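Visitor: I should like a close look at a single part of this model, namely the place where its two chains meet. Please describe that part in detail and then set it beside the rest of the fold.

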Protein chains: 2
Amino acid sequence: MEGLGLNPIMKRTKVIDALKCTDFGADICVKGWVRSKRGSKGIFFVALNDGSTIKNVQIVGDETVIPEEIVKQITTGACLSVEGKLVESPAAGQASEIQATKIDILGTCDNTYPLQKKGASWEYLRTVAHLRPRTNTFGAILRIRHNMAMAIHTYFHEHGYFYFHTPLITASDCEGAGQMFQVTTKNLYDLKKDENGSIIYDDDFFGKQTSLTVSGQLEGELGATALGSIYTFGPTFRAENSNTPRHLAEFWMVEPEVAFMDLDELMELEEDFIKYCVRWALDNCKDDLEFLNKMVDKGLIERLEGVLKEEFVHLPYTEGIKILQEAIKNGKKFEFPCEWGDDLASEHERYLVEEYFKKPVIMNHYPKKIKAFYMKIDAEKPVLDGKEMEETVQGTDVLFPSIGEIIGGSVREESYDKLMGEIESRGIPMKDMTWYLDTRKYGSCPHAGFGLGFERLILFVTGMQNIRDVIPFPRTPKNAEF
Amino acid sequence: MEGLGLNPIMKRTKVIDALKCTDFGADICVKGWVRSKRGSKGIFFVALNDGSTIKNVQIVGDETVIPEEIVKQITTGACLSVEGKLVESPAAGQASEIQATKIDILGTCDNTYPLQKKGASWEYLRTVAHLRPRTNTFGAILRIRHNMAMAIHTYFHEHGYFYFHTPLITASDCEGAGQMFQVTTKNLYDLKKDENGSIIYDDDFFGKQTSLTVSGQLEGELGATALGSIYTFGPTFRAENSNTPRHLAEFWMVEPEVAFMDLDELMELEEDFIKYCVRWALDNCKDDLEFLNKMVDKGLIERLEGVLKEEFVHLPYTEGIKILQEAIKNGKKFEFPCEWGDDLASEHERYLVEEYFKKPVIMNHYPKKIKAFYMKIDAEKPVLDGKEMEETVQGTDVLFPSIGEIIGGSVREESYDKLMGEIESRGIPMKDMTWYLDTRKYGSCPHAGFGLGFERLILFVTGMQNIRDVIPFPRTPKNAEF
């Protein structure tokens with residue numbers, strides 16, 4: 001009757017809802033993409049997926065009901081609209097299936113489709129990143145990624161934090177964390193220069209040289225010293241030429257900043273926050289986690305549950321050095337040295353987390369010289385082997401099994417004089433940064449915050465190994481496709 | 001006893017919680033910044049704010065209890081820690097106040113503080129954007145901004161959409177919406193060129209010329225045609241040299257994209273979504289809205305409630321032209337013409353929304369030539385005055401009182417051939433965009449989506465007039481401060 005306008009359009013049911021439905025015998029309409037088709041003796045079975053869940057709904061078709069020219073077009077990747085009856089499934093592993101009464105081909109898919117074959121490598125799938133969200137694994141990762149973002153917003157909202165949008169284009173490079181991307185509207189074919197040969201930026205869009213931010217922290221401190229508790233969550237950039245499974249040129253970062261927070265409260269926040277995210281994943285992403293646990297990392301769910309069970313160890317850096325040096329005495333071999341004052345290598349962190357404590361560790365009270373200028377200096381110097389060491393700061397790194405550092409935070413130095421002392425002794429160019437120093441000049445307050453690389457969290461929660469596989473379209477050296 | 005370590009540190013209570021507390025007589029500790037101080041006869045009153053709410057808590061101090069050198073330092077902008085007793089307030093407009101037993105100055109504030117005086121102009125406050133979040137108005141705006149972001153995430157999460165992070169650095173400029181910012185790590189003092197004098201980008205970070213994105217829509221379509229329903233919410237860039245109260249070079253955009261959605265469902269989504277956000281503001285930002293309604297825009301709350309009451313008008317463009325031409329016949333004067341095919345000016349939209357219908361309007365079925373290439377072409381041409389007009393597309397603009405266009409959306413052309421026809425006839429450079437065309441090649445599906453300029457929403461919900469005042473650190477021509 002279609003075409004006469006007499007047949008009312010049936011409302012689409014999402015696959016996730018269709019699979020929960022037990023109203024057997026009811027008419028139903030689902031739409032989605034063909035994951036696979038098989039058949040024999042005039043009956044065919046289509047696994048249809050619409051992205052709402054990792055699970056497919058099974059469509060059962062009878063070739064005496066569905067016209068041959070339609071059946072021919074039901075190929076892997078094709079997009080279908082299926083009307084039929086929801087029936088109890090005789091097959092194991094699924095409660096229901098749909099007996100098709102009508103199938104429309106919304107979009108065909110020929111055999112040049114790049115996702116024809118199963119078991120494609122991660123490398124290959126990166127070359128078709130525009131289509132890989134249609135695979136089981138990337139569907140699962142992206143639904144979990146969404147859920148982790150939702151967990152972050154919900155956590156902070158429920159705890160009275162305000163989402164604070166710090167700018168991405170910036171005229172300051174304070175922390176100097178890695179090389180920056182320049183942002184310009186200048187005509188590169190006609191660069192004006194002054195008499196010394198320096199490029200003039202008067203005519204650039206912002207009237208000065210600008211770059212993409214490497215962190216929203218400094219602006220975040222402006223928010224915290226006004227609104228009390230804020231967080232940022234947005235893209236961040238590093239122009240490091242690092243072609244590793246741990247680096248992206250464009251990644252997402254979460255940075256809460258809290259007025260009146262001290263070191264103990266900061267560590268409590270870090271632990272509570274990350275456990276909340278992991279719990280959210282376990283509570284809300286069961287099907288996707290089970291898939292990943294089966295196909296990607298058999299220890300995944302156990303590791304996630306493990307994090308929730310343990311209280312994180314609070315470990316002063318100096319105590320960590322003691323443990324590592326004791327281990328070396330007892331025959332443990334490390335590639336890199338670990339004298340007091342050294343930045344710990346990944347092998348040291350893994351030893352402490354995975355072998356010694358067997359639980360997450362929040363390391364703190366780091367040597368001042370290996371941490372950023374804005375960290376609050378401890379009142380007392382630590383003692384190692386009876387000797388007084390150099391100054392330490394109230395920095396914290398949260399170290400996780402398998403992933404290493406997942407959070408870096410600190411109490412911020414709130415004293416104008418001490419902060420200026422660090423800025424001067426480190427030679428940090430702050431001439432354009434009086435706005436930052438004003439936080440210490442006008443009603444300065446103790447405050448603290450941390451940064452979480454969002455993709456690090458997604459790696460941990462999905463069990464994936466390469467950071468390029470937990471963001472839809474990775475930006476890395478020589479790669480800005482899609 | 002402090003200093004001896006015998007006095008346990010009292011846990012801080014946020015001002016928002018202190019004001020709700022009726023446990024009179026209890027010990028309490030609040031921390032925050034001095035908004036004002038007044039006093040007489042040995043008693044002083046401090047209005048203390050910690051950003052958790054627009055309301056201040058009143059601190060009552062007795063100069064026989066609080067040492068003189070402390071009292072002297074309690075100046076506007078100073079940061080205090082106050083311990084005392086929560087008591088019922090004799091003053092009107094507040095349930096409780098705090099009788100201070102101990103005040104610590106966490107950070108002093110001298111009379112160079114840029115926010116000393118009340119009633120500073122918007123222009124002046126933009127020059128101290130690093131401090132303006134400490135004012136009543138900007139505190140209110142930023143708390144509402146947070147709430148609108150939370151409303152957006154919650155709405156989409158509850159409706160089964162996945163937050164999809166599209167890249168900011170892009171090698172494609174498909175829509176060509178305004179000039180773009182170039183992103184580069186090239187040494188501008190040593191630009192390599194080929195024999196034709198063209199700059200070579202082989203040695204740039206991404207190995208090709210890249211810019212900041214003007215929209216995540218095209219990548220969003222990749223997400224929707226895999227996950228079903230997605231949304232983006234992130235920074236977006238336009239290098240337009242527009243110094244107006246409506247333009248930012250860096251702004252936040254929300255872009256849902258939905259597989260299998262048709263025009264009616266799209267309009268339903270647009271209306272439902274925006275009403276959800278406005279309702280969230282009314283339900284969750286009462287104090288801040290009441291402040292803005294009093295101080296910034298006396299019609300604000302009424303306008304917000306008005307939007308919730310009305311069903312939005314669905315108005316085909318051609319019908320809109322008829323109404324406007326009828327109005328002109330009846331003596332209405334417009335500055336700009338409005339013949340069929342013209343892009344409507346703000347005055348036309350305002351007439352329809354504010355004078356003719358007196359409610360929000362979703363205009364649709366626009367002439368193809370004034371809309372983007374990816375919009376689905378209508379099956380039938382419209383008729384005006386008995387004559388058949390040119391082709392129209394399934395685009396929608398949601399027009400609001402006071403603010404004009406707040407949402408622009410469309411059904412997307414899902415036919416590969418029709419889409420290619422538009423691309424070719426418009427001369428759009430698509431050579432690097434085969435990934436986008438693949439959505440129409442492999443299992444193409446009907447889909448639709450819209451874009452909402454987040455700051456437009458914040459303007460509407462706060463009653464503010466200048467877009468620079470609804471984002472913490474505006475980026476505009478010649479301005480990238482902070």
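Guide: What follows describes the interface of the two chains, and then the sheets and salt bridges of the chains themselves.

The model is a predicted one. The relation between the two copies is a suitable place to begin. Chain B is superposed on chain A by a rotation of 180 degrees, with 0.0 Å of shift along the axis and an RMSD of 0.0 Å. The two copies are therefore related as by a two-fold rotation axis. Within chain B, the C-alpha nearest to this axis belongs to Val183(B), at 2.4 Å from it. Both copies use the same surface, since 100% of the contact residues of chain B recur in chain A.

The extent of the interface may be stated in residues and in area. On the side of chain B, 113 residues are in contact with 113 residues of chain A. About 9100 Å² is buried between the two chains, and carbon and sulfur atoms give 64% of that area.

The interface also holds polar and charged pairs. Across it, 42 residue pairs are in polar contact, with both residues at pLDDT 80 or more. Salt bridges between chain B and chain A number 2. In a salt bridge between the chains, the side chain of Glu481(A) meets that of Lys208(B), with 2.9 Å from N to O. Among the elements of chain B, helix H4 (residues 136-158) gives the most to the side that touches chain A, contributing 11 residues. By residue class, that side of chain B consists of 55 nonpolar, 36 polar and 22 charged residues.

Strand pairing likewise crosses from one chain to the other. Strand E8 (residues 182-184) of chain A runs antiparallel to strand E8 (residues 182-184) of chain B, and 3 bridges join them. Within this pairing, Thr184(A) has Gln182(B) of E8(B) as its bridge partner. Val183(B), whose C-alpha is the nearest of chain B to the axis, lies within the residue range of E8 in chain B.

Beyond the interface, each chain may be considered by its sheet. In chain B, 8 strands form an open sheet of mixed pairing, in the order E6-E10-E11-E18-E17-E16-E13-E12. Its edge strands are E6 (162-163) and E12 (313-316) of chain B, each of which pairs on one side only. Inside this order, strand E11 (residues 250-259) and strand E18 (residues 447-453) of chain B pair in the antiparallel sense over 5 bridges. Met253(B) there stands opposite Gly453(B) of E18(B).

Chain A also has an open sheet of 8 strands with mixed pairing, in the order E6-E10-E11-E18-E17-E16-E13-E12. Strands E6 (162-163) and E12 (313-316) of chain A form its edges, each pairing on one side only. Strand E10 (residues 229-237) and strand E11 (residues 250-259) of chain A run antiparallel and are joined by 9 bridges. Here Phe237(A) has Glu250(A) of E11(A) as its bridge partner.

Salt bridges complete this account. Over all chains the count comes to 54, while 2 lie between chain B and chain A. One example within chain A joins the side chains of Asp203(A) and Lys192(A), at 3.7 Å from N to O. Asp203(A) and Lys192(A) are 11 residues apart, and each is in the loop between E8 and strand E9 (210-212) of chain A.

Note on methods
Residues are numbered from 1 along each chain as its sequence is written. Chains are lettered from A and ligands numbered from 1 in the order in which they are written. This is a predicted model: local features need pLDDT of at least 70, side-chain atom pairs count only at pLDDT 80 or more; totals for chains, interfaces and linings use all residues. Side-chain values use heavy atoms; hydrogens and water are left out. Copies are superposed by least squares on the C-alpha atoms of residues with pLDDT of at least 70 in both. Contact means heavy atoms within 4.5 Å. Buried area is the accessible area (1.4 Å probe) that two parts lose on being put together, summed over both. A salt bridge is a side-chain nitrogen of Lys or Arg within 4 Å of a carboxyl oxygen of Asp or Glu. A polar contact is a pair of N or O atoms within 3.5 Å; within protein, one must be able to donate a hydrogen and the other to accept it, and residues adjacent in sequence count only if both atoms are side-chain atoms. Helices (H or I, at least four residues) and strands (E, at least two) are DSSP runs, numbered from the N terminus. Ala, Val, Leu, Ile, Met, Phe, Trp, Tyr, Cys and Pro count as nonpolar, Asp, Glu, Lys and Arg as charged, and the others, Gly among them, as polar. Two strands pair if DSSP finds at least two bridges between them.
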